[in-house]
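Trainee: Could we go through this structure slowly, one step at a time, so that I can learn how to reason about it?

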Amino acid sequence: MADSHNPWVALSSAELHVEVNPLGAQLSILRDRSGHDLLWNGDPSVWAGRAPILFPTIGEVAGGAYRLGSKTYHLSRHGFARGKLFEVVSASADSATFRLKADESTLQIYPFQFELDVRFTVSGATLAVTTLVRNTGKENMPASVGYHPAFRWPLPYGRPRAEHFLEFANDEPAPIRRLDKTGLLAPEPHPTPVAHRRMMLQDSLFENDVVIFDQLHSHSVTFGAASGPRIRLDYPNATYLGIWTKPGAGFVCIEPWRGIADPTGFKGDFTTKPGIFTVAPGTTQSLEMSITPLGT
């Protein structure tokens with residue numbers, strides 16, 4: 001539920017209604033023009049998330065800690081942004097920007113001066129989300145950032161759960177990656193679950209956690225059943241895509257990332273972590289995503 005001290009920010013068009021929680025700058029409600037809820041409701045007995053922002057890491061760091069030069073810092077899965085209150089720096093009827101700045105608590109676990117802006121804009125049937133990672137310090141800043149939106153599975157259009165699939169813009173023939181039992185990226189590749197651009201969704205796919213595409217051929221995917229409305233998600237500059245649920249749960253997460261969990265056995269410096277990007281002083285890097293209900 002919305003916090004009375006930090007109310008959710010509502011954005012809308014004739015075709016879409018969106019609400020964003022300043023805690024974590026988390027997209028929390030997404031409704032189509034008919035009032036159907038398309039986003040998971042955050043039921044804490046199953047999974048309390050809805051669409052968290054992942055920063056400055058994606059997934060686990062080995063042993064829950066990372067090394068930077070001669071120092072070691074402890075960081076939990078997916079970083080800290082999702083648990084932080086963002087400032088609402090601008091808000092209108094169809095657009096809002098949320099900002100998180102480095103403070104004493106973040107410097108203890110991530111020793112960099114940063115600004116993290118998340119901008120939501122509704123236009124017609126599309127919600128566009130842009131996250132900007134700005135280095136306000138004086139040294140290079142290694143970082144990762146990702147999205148984690150959870151869509152209702154099945155979608156609220158009367159089609160059976162078992163008929164839902166993801167359809168990629170292009171075929172995805174490359175092997176996928178999985179996590180080991182400690183949440184680190186396992187070295188072994190696995191055959192792609194995508195055939196003729198479609199990945200049929202079934203709980204067995206997620207018994208070993210997330211399905212990771214690390215050699216993407218597509219920059220968009222649609223989710224739904226063969227008949228009835230779907231959702232299209234565009235991720236023009238993501239370098240990885242994760243697909244995840246808890247088996248049996250009423251949601252599936254489609255997660256564009258710029259970053260990935262530490263590989264099994266990784267002991268290197270944080271600046272050499274696979275998937276990391278470097279933000280030079282005074283510059284900004286971004287991650288973009290848009291969500292569009294189709295046929296509603």
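What follows is a set of questions and answers about a predicted model.

Trainee: In the open sheet of three strands, what is the order of the strands?
Mentor: The pairing in this sheet is antiparallel. Neighbouring strands are turned by 20° against each other on average, when direction is ignored. Read across the sheet, the order is β1-β2-β3.

Trainee: Why is one side of β1 and of β3 left without a neighbour in the sheet?
Mentor: β1, which spans 9-12, and β3, which spans 26-32, stand at the edges. Each therefore has a single partner strand, and one side of each is left without a neighbour in the sheet. The reason asked for is thus the place of both strands at the edges.

Trainee: How many bridges does β2 form with β3?
Mentor: Strand β2 covers residues 16-21 and pairs with β3 in the antiparallel sense. Within this pairing, Val-18 stands opposite Leu-30 in β3, and Asn-21 stands opposite Gln-26 in β3. The number of bridges over which β2 and β3 pair is six.

Trainee: Which residue in β2 is the bridge partner of Ser-12?
Mentor: β1 and β2 pair in the antiparallel sense over four bridges, and a hairpin of three residues joins β1 to β2. Within β2, the bridge partner of Ser-12 is His-17.

Trainee: Which residue in the turn between β2 and β3 has a positive phi?
Mentor: β2 and β3 form a hairpin, and four residues lie between the two strands. One residue in this turn has a positive phi of about 80°, and that residue is Gly-24.

Trainee: How many residues of β2 are buried?
Mentor: A residue is called buried when its relative accessible area is under 20%. Strand β2 has six residues and is mostly covered. The number of its residues that are buried is five.

Trainee: Which residues lie nearest the centre of the largest pocket?
Mentor: About 240 Å³ of space lies in this pocket, and its lining of 15 residues has seven nonpolar, six polar and two charged residues by class. Two of the residues nearest the centre, Asn-21 and Gln-26, are also the pair that stand opposite each other in β2 and β3. The full set nearest the centre is Asn-21, Gln-26, Ala-48, Gly-49 and Arg-50.

Trainee: And which residues are the closest to the centre of the second largest pocket?
Mentor: About 210 Å³ of space lies in the second largest pocket. Its lining has nine nonpolar, three polar and four charged residues. Of the 16 residues that line this pocket, the closest to its centre are Arg-77, His-78, His-148, Asp-209 and Glu-255.

Trainee: In the open sheet of nine strands, which are the edge strands?
Mentor: The order in this antiparallel sheet is β7-β8-β9-β10-β22-β18-β17-β14-β15. An edge strand here pairs on one side only, and the edge strands are β7 (87-91) and β15 (198-200).

Trainee: Which residue in β17 stands opposite Phe-168?
Mentor: Strand β14 (residues 165-168) and strand β17 (residues 220-224) run antiparallel and are joined by four bridges. Opposite Phe-168 in β17 stands Val-221.

Trainee: Is Asp-269 buried or exposed?
Mentor: Asp-269 is found in the loop between β20 (251-258) and β21 (277-279), and a polar contact of 2.7 Å joins its side chain to that of Thr-271. Its relative accessibility is 16%, and the cut-off for the buried class is under 20%. Asp-269 therefore counts as buried.

Note on methods. Residues are numbered from 1 along each chain as its sequence is written. This is a predicted model: local features need pLDDT of at least 70, side-chain atom pairs count only at pLDDT 80 or more; totals for chains, interfaces and linings use all residues. Side-chain values use heavy atoms; hydrogens and water are left out. On a 1 Å grid over the protein atoms alone, a cavity is a set of points where a 1.4 Å probe fits but cannot get out, and a pocket is an open set with protein on both sides within 12 Å along at least five of seven lines; lining residues have an atom within 4 Å of a point. Grid points are joined across faces, edges and corners, and a volume is the space filled by probe spheres set on the points. Ala, Val, Leu, Ile, Met, Phe, Trp, Tyr, Cys and Pro count as nonpolar, Asp, Glu, Lys and Arg as charged, and the others, Gly among them, as polar. Two strands pair if DSSP finds at least two bridges between them. Axes are lines fitted to C-alpha atoms, for helices over the stretch in contact, and angles run from 0 to 180 degrees between N-to-C directions. Buried means under 20% relative accessible area, exposed over 50%, partly exposed in between (1.4 Å probe, protein chains only). A polar contact is a pair of N or O atoms within 3.5 Å; within protein, one must be able to donate a hydrogen and the other to accept it, and residues adjacent in sequence count only if both atoms are side-chain atoms.
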